[in-house]
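Biologist: I am new to this structure. Please show it to me, and I will ask about it piece by piece.

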Amino acid sequence: WIHMVTARTPTNIAVIKYWGKRDESLILPVNDSISVTLDPEHLCTTTTVAVSPGFDQDRMWLNGKEISLSGGRYQNCLREIRARAEDFEDNERGIKIAKQDWQKLRVHIASYNNFPTAAGLASSAAGFACLVFALAKLMNAKEDPSQLSAIARQGSGSACRSLYGGFVKWIMGKEENGSDSLAVQLVDENHWDDLVIIIAVVSSRQKETSSTTGMRDTVETSMLLQHRAKVEVVPKRIVKMEEAIQNHDFSSFAQLTCSDSNQFHAVCLDTCPPIFYMNDTSHRIISCIEKWNRSEESPQVAYTFDAGPNAVLIARNRKTAALLLQRMLYFFPPSADTDMSSYVLGDKSI
Ligand code: DP6
């Protein structure tokens with residue numbers, strides 16, 4: 001027999017960034033972060049997990065290619081879910097798995113991203129969140145999404161925020177064992193459904209520093225990171241961001257989102273050796289949005305950039321999103337000359 005489960009999980013984009021760990025192996029951050037989970041139609045990972053007495057080892061395929069599961073991050077997720085596995089019974093198919101059997105049974109995992117890897121949007125966030133969710137279902141682990149988020153966190157920090165839709169906060173926690181470092185949903189996906197997300201995929205992709213090594217260098221060398229952790233900086237922004245989200249206050253939301261993205265990239269520059277995630281095209285996009293926002297009574301679009309040059313643009317409503325796309329296509333039409341590759345919708349089409 002074979003018992004299988006398939007799950008689909010969207011990626012998330014941080015509006016208050018996670019950057020820096022206080023514990024590398026447990027993946028515990030130096031500050032809280034807040035993100036918005038994208039619509040599952042667009043940028044997501046689909047993972048099928050299967051168990052059968054015929055499988056002799058744990059194996060995984062990513063986009064059709066076998067990858068090694070020997071890394072600590074995968075092993076941590078598998079171990080944590082196996083520890084929570086419960087009895088499973090499917091009478092129709094005559095399958096009966098006792099709680100203790102899960103320790104011996106091996107799993108096969110097949111995972112696909114529905115976005116081109118070339119777009120550079122591949123994200124460990126959706127991947128680990130989906131893996132942990134699918135394994136929990138397979139092994140009948142009865143954990144709630146917050147408890148599962150603490151497991152996904154051990155795969156990749158940002159993954160813990162993809163267990164929920166809408167706006168999500170990753171609480172950094174205080175415990176040394178990481179038990180209170182988990183995600184909570186601030187509001188669901190219907191709370192602020194005016195917002196439209198457009199991702200501008202920049203084509204020139206210099207070799208990136210991975211988030212993991214970048215963060216390590218930052219923690220070791222950046223004074224600006226220590227400034228970020230102070231009560232009056234990120235913790236204060238977190239409170240204000242929660243208020244802005246609750247009140248649908250787009251002006252505050254945009255101001256906080258843009259400032260936090262810019263400060264995160266300033267922290268990267270403050271790292272030794274400096275990390276350059278944004279390029280000239282990213283900078284030109286920022287100038288363009290800033291100029292537009294200043295020409296209006298209040299901001300129309302927020303921008304944020306993660307560990308790469310792609311811009312995530314959040315428009316206040318559908319009308320603005322249509323204008324935004326029009327402007328972006330005018331100033332940055334996809335071509336080698338403009339260094340723009342494509343535009344991807346992060347949520348329902350406009
Ligand atoms: C810039 O979650 O990829 O996207 O925990 O080492 O796997 P690891 O790092 P990762 O870092 C994401 C960093 C970021 C900001 C964010 O998503 O909050």
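Biologist: Is N63 buried, partly exposed or exposed?

Modeller: This is a predicted model, and the count comes from its atoms. N63 has 13 C-beta neighbours inside 10 Å. A residue with 12 or fewer would be exposed, and one with 20 or more buried. The count of 13 therefore makes N63 partly exposed.

Biologist: Which loop holds N63, and what is its phi?

Modeller: N63 sits in the loop between β7 (59-62) and β8 (65-67). Most residues other than glycine have a negative phi. N63 is not a glycine, yet its phi is positive, near 50 degrees.

Biologist: Where is H248, and is it buried, partly exposed or exposed?

Modeller: H248 lies in the loop between α6 (234-246) and α7. It is not a glycine, but has a positive phi of about 50 degrees. Within 10 Å of H248 there are 13 other C-beta atoms, so H248 is partly exposed.

Biologist: Is the peptide bond between C272 and P273 cis or trans?

Modeller: Most peptide bonds are trans. P273 belongs to the loop between α7 (250-269) and α8. Omega for the bond joining C272 and P273 is about -5 degrees, and the bond is cis.

Biologist: How does the span of α8 compare with the expected one?

Modeller: α8 has 16 residues. At 1.5 Å a residue, 22 Å is expected. From first C-alpha to last, α8 reaches 23 Å, close to that value.

Biologist: How are the buried residues of α8 arranged around its axis?

Modeller: The buried residues include T281, S282, I285 and I289. Seen down the axis of α8, the buried residues fall within an arc of 105 degrees, so they line one face of the helix.

Biologist: Which strands help cover the buried residues of α8?

Modeller: The buried residues of α8 include I285 and I289. Their cover includes four strands: β14 (196-202), β15 (301-304), β16 (311-315) and β17 (340-345).

Biologist: Is S287 buried or exposed?

Modeller: S287 is found in helix α8 (residues 280-295). The face turned away from the buried side carries S287, along with D280, K291, R294 and S295. S287 has 9 other C-beta atoms within 10 Å, and 12 or fewer is the cut-off, so S287 is exposed.

Biologist: What separates the C-alpha atoms of S287 and F55?

Modeller: Along the chain, S287 and F55 are 232 residues apart. In space, their C-alpha atoms are separated by 55 Å.

Biologist: Which strands pair with β12?

Modeller: Strand β12 (residues 167-171) is mostly covered, with four of its five residues buried. Four bridges join β12 to β5 (residues 33-37), and the two run antiparallel. Five bridges, also antiparallel, pair β12 with β13 (residues 182-187). The partners are thus β5 and β13.

Biologist: Which residue of β13 is the bridge partner of V168?

Modeller: β12 and β13 pair over five bridges. On the β5 side, I34 stands opposite K169 in β12. In β13, the partner of V168 is Q185.

Biologist: Which helix gives the most to the shell around the ligand?

Modeller: The ligand is surrounded by 15 residues, and the closest are A14, Y18, S156, G157 and S158. The shell divides into six nonpolar, seven polar and two charged residues. Three of the shell residues come from the helix that gives the most, α4 (residues 211-221).

How values were computed:
Residues are numbered from 1 along each chain as its sequence is written. This is a predicted model: local features need pLDDT of at least 70, side-chain atom pairs count only at pLDDT 80 or more; totals for chains, interfaces and linings use all residues. A residue is near a molecule or strand if its C-beta atom, placed from the backbone, lies within 6 Å of it. Ala, Val, Leu, Ile, Met, Phe, Trp, Tyr, Cys and Pro count as nonpolar, Asp, Glu, Lys and Arg as charged, and the others, Gly among them, as polar. The expected span of a helix is 1.5 Å times one less than its number of residues. The arc is that of the directions from the helix axis to the C-beta atoms. Two residues are in contact if their C-beta atoms, placed from the backbone, lie within 7 Å. Two strands pair if DSSP finds at least two bridges between them.
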